[in-house]
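Work through the exercises below with the sequence and the model at hand. Try each task before reading its solution.

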Amino acid sequence: MGNAALIVVDVQRDFCEGGALAASDTLTLIQPLQECIEDARRAGAVIVFTKDWHPEEHSSFERNAGSWPVHCVAGTAGAELMPPLAAEEGDLIVQKGMDVNGAGYSGFEGTGLNRKLRELGVQSVAVSGIATEYCVRATALDAVKARFETVVLTDLIRAVQASETPKVLNELNAAGAKSARCAEWLSILSGAKSSGAHGS
């Protein structure tokens, strides 16, 4: 299935326009993200969807003395992927934040994602999705720590506070992640695929 993966972080109804905990400017995210996913699939990349999948009593909720409004409760409409995004056969779906007391920001936290990607021969990942300063940041940092070559797709991330994005990208770059637009990443992906074909 190729040695690259596209990780789509938490693009769920509750984090999009009109949801319980909407990030900024999500209306402009969905169509280009969908196109990137389709192009990445055609290029042979593994597609990973992470989803907040919280229990009702999750400690992050305001009603449970946490910081956030109730969001992405397991099995509810708010936890569904934002249409038209949909997982297809062969994609990975990673549910996180299932522990009552776990923050669950990172797609790698207690999900087995590292192992699953290694089993598929993945060596590099591109990270997209919501929200830049929380779950995208944590997922990208953990990808770097797990020694995946990590790229953050700057045109396909959205923050709760857009003003935080440059600071987060600087932090991720300093940690070892690269930044690129989806088209740049796909071009590199396609180039690597074709050079691999010539070498075989």
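The exercises that follow concern a predicted model, and each solution goes step by step.

**Exercise 1. The sheet**

Task: find the order of the strands in the open sheet and state which strands stand at its edges.

Solution. Step one is to list the strands in spatial order: the open sheet has 6 strands, arranged β3-β2-β1-β4-β5-β6, and the pairing is parallel. Step two is to look at the ends of that order. β3 and β6 (178-180) each have a single partner strand, so one side of each is left without a neighbour in the sheet. Step three adds the twist, which averages 25° from one strand to the next.

**Exercise 2. One edge of the sheet**

Task: describe how β6 is paired, and name the helix that touches both β5 and β6.

Solution. Begin with the pairing: β6 and strand β5 (residues 149-158) run in the parallel sense and share 3 bridges. At the level of residues, L153 has A180 of β6 as its bridge partner. Then turn to the helix: α4, residues 165-175, packs on the sheet and touches β5 and β6. The direction of α4 makes about 170° with that of β5.

**Exercise 3. A lysine in a strand**

Task: locate K51, decide whether K51 is buried or exposed, and look for a salt bridge.

Solution. K51 belongs to strand β2, which covers residues 46-52. K51 is buried, yet has no salt bridge. To check this, take the nearest side chain of opposite charge, which is that of E80, at 7.7 Å. A salt bridge requires the charged atoms to be within 4 Å, so E80 does not qualify. Last, list the contacts of K51 beyond four places in sequence: D10, Q12, A79, L81, I93, V94, Q95 and K96.

**Exercise 4. A tryptophan in a loop**

Task: place W68, explain why W68 counts as buried, and find a polar contact of its side chain.

Solution. W68 sits in the loop between β2 and β3 (92-96). Its relative accessibility is 18%; the cut-off for buried is under 20%, so W68 counts as buried. Setting aside neighbours within four places in sequence, W68 is in contact with L21, S60, F61, E62, Y105 and Y134. With Y105 there is also a polar contact between the two side chains, at 3.4 Å. For a comparison along the chain, take W53: 15 residues separate W53 from W68, and their C-alpha atoms are 14 Å apart.

**Exercise 5. Positive phi**

Task: compare D10 and R147 by phi, by place and by burial.

Solution. Start with phi. D10 has a positive value near 55° and is a residue other than glycine; R147, also not a glycine, has a positive phi of about 70°. Next, the places: D10 is in the loop between β1 (4-9) and α1 (30-42), and R147 is in the loop between α3 and β5. Finally, burial: D10 counts as buried because its relative accessibility is 0%, whereas R147, at 73%, counts as exposed. D10 has already appeared among the contacts of K51.

**Exercise 6. Cis peptide bonds**

Task: give the omega values of the cis bonds from P83 to P84 and from I130 to A131, and say where P84 and A131 lie.

Solution. For the bond from P83 to P84, omega is near 5°. P84 lies in the loop between β2 and β3. For the bond from I130 to A131, omega is near -10°. A131 lies in the loop between β4 (124-130) and α3 (132-145).

Terms used. Residues numbered from 1 in each chain as written. Predicted model: local features only at pLDDT ≥ 70, side-chain atom pairs only at ≥ 80, totals over all residues. Heavy atoms only, no water. Helix = DSSP H or I, 4+ residues; strand = E, 2+ residues; numbered from the N terminus. Buried < 20%, exposed > 50% of the residue type's maximum accessible area, 1.4 Å probe, protein only. Lys, Arg positive; Asp, Glu negative; His and termini not counted. Contact = heavy atoms within 4.5 Å. Polar contact = N/O pair within 3.5 Å; in protein donor to acceptor, adjacent residues only side chain to side chain. Pairing = 2+ DSSP bridges. Axes fitted to C-alpha atoms, helices over the stretch in contact; angles between N-to-C directions.
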